[in-house]
Amino acid sequence: MRNTFSETLYAEATANPDVYIVVADISPAGSMGKFSSEYPERFVNVGVAEQSMIGIAAGLALKGCQPFAYTIATFSLYRPFEMIRDDLCYQNLPVTVVGMGAGVIYSTLGGTHHTQEDIAIASALPNMQVLAPCDPLECIEATRWCAQQKNGPVYLRIGKAGEPVLTANAEPWQFGKLRYLRRGSDVCILTYGVITAMAVEIADKLAAQGRSVSLVSAHTLKPLDRDGVTASLQQHRHVVVIEEHAPQGGLASQVKQIAWDVRATCRLDTFTLQDAFIHNYGSTSDLLAAHGLSPERILAKIG
Amino acid sequence: MTQASFDARAARTRCQRYRRRILDISQRVSALHIGGAFSCTEIVDAIYNALMRKPGLSSPDTFLMSKGHGCMIQYVVLEELGVLSRADLDAYCTPHGRLGVHPDYGNPGIEASTGSLGHGLSMVVGMALAERGKRRDGMIYTVLSDGETQEGSTWEAVLMASSLKLTNIVAFIDNNDFQSLGRTSETHPSLYPLTAKFDAFGWETAEIDGHDSAAIFRAVSLRKGDRPLMVVARTTKGKGVSYMENAPIWHYRAPNKDEYAQAIRELETQA
């Protein structure tokens with residue numbers, strides 16, 4: 001997904017001379033080579049200095065530019081949090097903070113590199129918009145939208161590498177709207193981000209059992225499509241939320257709030273990361289399973 | 001780039017007038033940070049009235065008040081320039097006003113919201129970079145407090161400004177040697193001498209008396225201009241009013257009626 005992000009941003013920078021990227025010592029694997037060699041004056045590497053990454057992006061935006069600030073998610077959002085709040089959100093500047101490798105993708109790097117709370121933290125900030133594409137194609141749509149919008153700051157949560165394409169035949173991507181990857185009438189799985197691949201596997205297995213399954217990418221976490229969520233709660237007998245995020249302040253807790261507000265009568269199950277630092281060092285799937293997120297466990301619970 | 005000459009006598013008169021206006025405002029609402037506004041009065045005056053081209057909303061140059069708590073002086077200068085109205089300043093810190101104790105982006109003449117320290121210089125770097133990218137010749141001026149040099153984020157920006165060779169930055173340190181708890185030189189003696197630190201990080205530097213308007217103008221107009229410029233200005237917190245000078249309480253207090261009258265008398269003798 002990061003390569004898709006880089007290529008899309010390069011294309012946007014080619015079309016718009018105001019597009020800048022400020023990175024904090026992101027490795028060459030971040031595939032920013034083309035951007036940095038062709039537009040060196042618009043590629044800024046601050047080094048290991050995330051506070052100035054955000055401040056510099058704010059200064060660029062104050063002068064009419066369209067900057068992106070880009071590094072691994074924990075460092076792009078947590079380390080310079082006050083700069084994001086004051087410089088970007090308080091001033092309502094169109095800067096995109098890109099959190100790469102969010103969730104527990106950096107599974108062997110330990111808790112310092114796990115981004116478990118970012119949606120809650122970013123969503124709590126006034127003026128902040130939050131996007132989390134589920135596959136490379138959604139990443140293209142989201143990145144394009146970020147490069148062209150003037151509404152205010154965006155937190156763009158992306159994966160890393162190897163994410164499969166899941167949305168080739170889906171309905172068009174639209175900012176702020178739930179996106180049905182498939183439509184059914186029985187179970188509705190609401191999800192977003194990289195873990196959508198696991199949701200696809202679960203949806204396939206439920207379908208094989210004869211269930212009619214909806215699968216929905218909630219790629220815009222803020223503003224969340226309340227009407228869309230309400231409709232999903234009202235049109236299905238069973239709604240399941242799956243997310244690679246802490247139980248507080250993510251999609252699961254928001255869907256529960258909406259369900260209460262609209263007196264939803266469907267069954268509602270939520271599956272999230274635990275409210276815990278888990279000291280495991282396996283694959284991403286191993287980490288997710290340690291948090292309780294595996295197709296087997298989810299299927300057993302919702303079966 | 002700057003005006004060819006500088007009338008130091010006119011600057012003295014203006015600065016006396018600015019300080020009086022700040023004291024006047026302090027009698028209606030409790031104006032905070034008078035001491036820090038008075039320490040950088042001559043610097044802010046010189047930036048707007050001698051260094052920036054066409055000071056006001058149409059200036060190609062930019063001033064960002066990194067030490068946001070000193071913004072009273074920025075407000076009164078912007079009032080004289082006609083950017084902020086008398087009504088704006090009269091409504092300072094009132095329910096109907098739009099000007100608060102720290103400057104807010106979106107108000108006329110206010111280029112960025114500051115107040116939390118250590119944010120300004122990074123935004124200045126971004127602004128300077130944008131000016132260069134857009135092939136414009138705008139200068140970016142800023143004033144930092146010496147307390148701000150204790151923020152790590154300030155040094156991130158110091159490194160970036162010189163690494164990016166941003167020759168369009170002119171920064172001042174309002175080195176009044178005070179922070180809330182006492183003298184900055186006592187909090188971090190290892191930070192001093194301060195000027196040498198910026199020198200070592202690739203900035204052009206100058207060290208001046210920050211209440212000498214002509215010296216401020218000279219330091220900027222004589223710069224080589226091949227690097228960002230940091231002017232370390234020795235200043236006195238509360239400058240101009242004897243009982244406020246170097247007295248940390250005037251970071252927070254507003255003078256009562258008797259104190260106000262004495263301050264006005266003292267300023268008049270300096271005119």
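Does B:Arg21 count as buried or exposed, and at what relative accessibility? Keep that puzzle in mind while we walk through this predicted model.

**Stop 1: chain A**

Select chain A and colour it by secondary structure. You should find 12 helices and 12 strands. The radius of gyration is 19 Å, close to the 19 Å that the globule rule gives for 303 residues, so chain A is as compact as a globular protein of that length. Turn the chain around slowly: along its principal axes, the C-alpha trace spans about 55 × 40 × 35 Å. Of the 303 residues in chain A, 61% are buried. Now think about which parts of the sequence meet. Take the contacts in chain A between residues at least 6 apart in sequence: 77% of them join residues at least 24 apart.

**Stop 2: the largest pocket**

Stay with chain A and look for the largest pocket, which has a volume of about 290 Å³. To centre your view, select A:Val194, A:Ala197, A:Thr284, A:Ser285 and A:Leu288, the closest to the pocket's centre of the 18 residues that line it. Next, highlight helix H8 (196-208) and helix H11 (284-290) of chain A, the elements that give two or more residues to this lining. If you colour the lining by class, expect 10 nonpolar, four polar and four charged residues.

**Stop 3: the largest cavity**

How many cavities of 30 Å³ or more does a search of the whole structure find? The search finds one. About 50 Å³ of space lies inside this cavity. To see its walls, select A:Ala102, A:Ile105, A:Pro133, A:Arg157, A:Ile158, A:Gly159, A:Gly193, A:Val194 and A:Glu244. By class, that lining has five nonpolar, two polar and two charged residues. You have already met A:Val194: it lines the cavity and is also among the residues closest to the centre of the largest pocket.

**Stop 4: chain B**

Hide chain A and show chain B, which has 11 helices and seven strands. Its radius of gyration is 17 Å, close to the 18 Å that the globule rule gives for 271 residues, so chain B is as compact as a globular protein of that length. The C-alpha trace of chain B spans about 50 × 40 × 35 Å along its principal axes. Here 60% of the 271 residues count as buried. Among contacts in chain B between residues at least 6 apart in sequence, 74% join residues at least 24 apart.

**Stop 5: helix H10 of chain B**

Select residues 213-221 of chain B to bring up helix H10. Show the side chains of its buried residues: B:Ser213, B:Ala215, B:Ile216, B:Phe217, B:Ala219 and B:Val220. What do they pack against? Their partners in chain B are helix H1 (8-26), helix H3 (41-51), strand E2 (140-145), strand E3 (169-175), strand E6 (204-209) and strand E7 (229-234). Before leaving, zoom in on the N-terminal end of H10, which B:Asp212 caps. A side-chain oxygen of B:Asp212 lies 3.2 Å from the backbone nitrogen of B:Ala214.

**Stop 6: back to B:Arg21**

Follow helix H1 of chain B to B:Arg21. Here is the solution to the opening puzzle: B:Arg21 has 10% relative accessibility, and because buried means under 20%, it counts as buried. Show the side chain of B:Asp90 as well, and you can find its polar contact with the side chain of B:Arg21, at 3.2 Å. Finally, select the residues that B:Arg21 touches, leaving aside its neighbours within four places in sequence: B:Arg28, B:Val76, B:Glu79, B:Arg86, B:Leu89 and B:Asp90.

How values were computed: Residues numbered from 1 in each chain as written. Chains lettered and ligands numbered in written order. Predicted model: local features only at pLDDT ≥ 70, side-chain atom pairs only at ≥ 80, totals over all residues. Heavy atoms only, no water. Buried < 20%, exposed > 50% of the residue type's maximum accessible area, 1.4 Å probe, protein only. Helix = DSSP H or I, 4+ residues; strand = E, 2+ residues; numbered from the N terminus. Contact = heavy atoms within 4.5 Å. Polar contact = N/O pair within 3.5 Å; in protein donor to acceptor, adjacent residues only side chain to side chain. 1 Å grid on protein atoms, 1.4 Å probe; cavity = no way out; pocket = protein on both sides within 12 Å on 5 of 7 lines; lining within 4 Å. Points joined across faces, edges and corners; volume = space filled by probe spheres on them. Nonpolar A, V, L, I, M, F, W, Y, C, P; charged D, E, K, R; others polar. Rg over C-alpha atoms; globule rule 2.2 N^0.38 Å.
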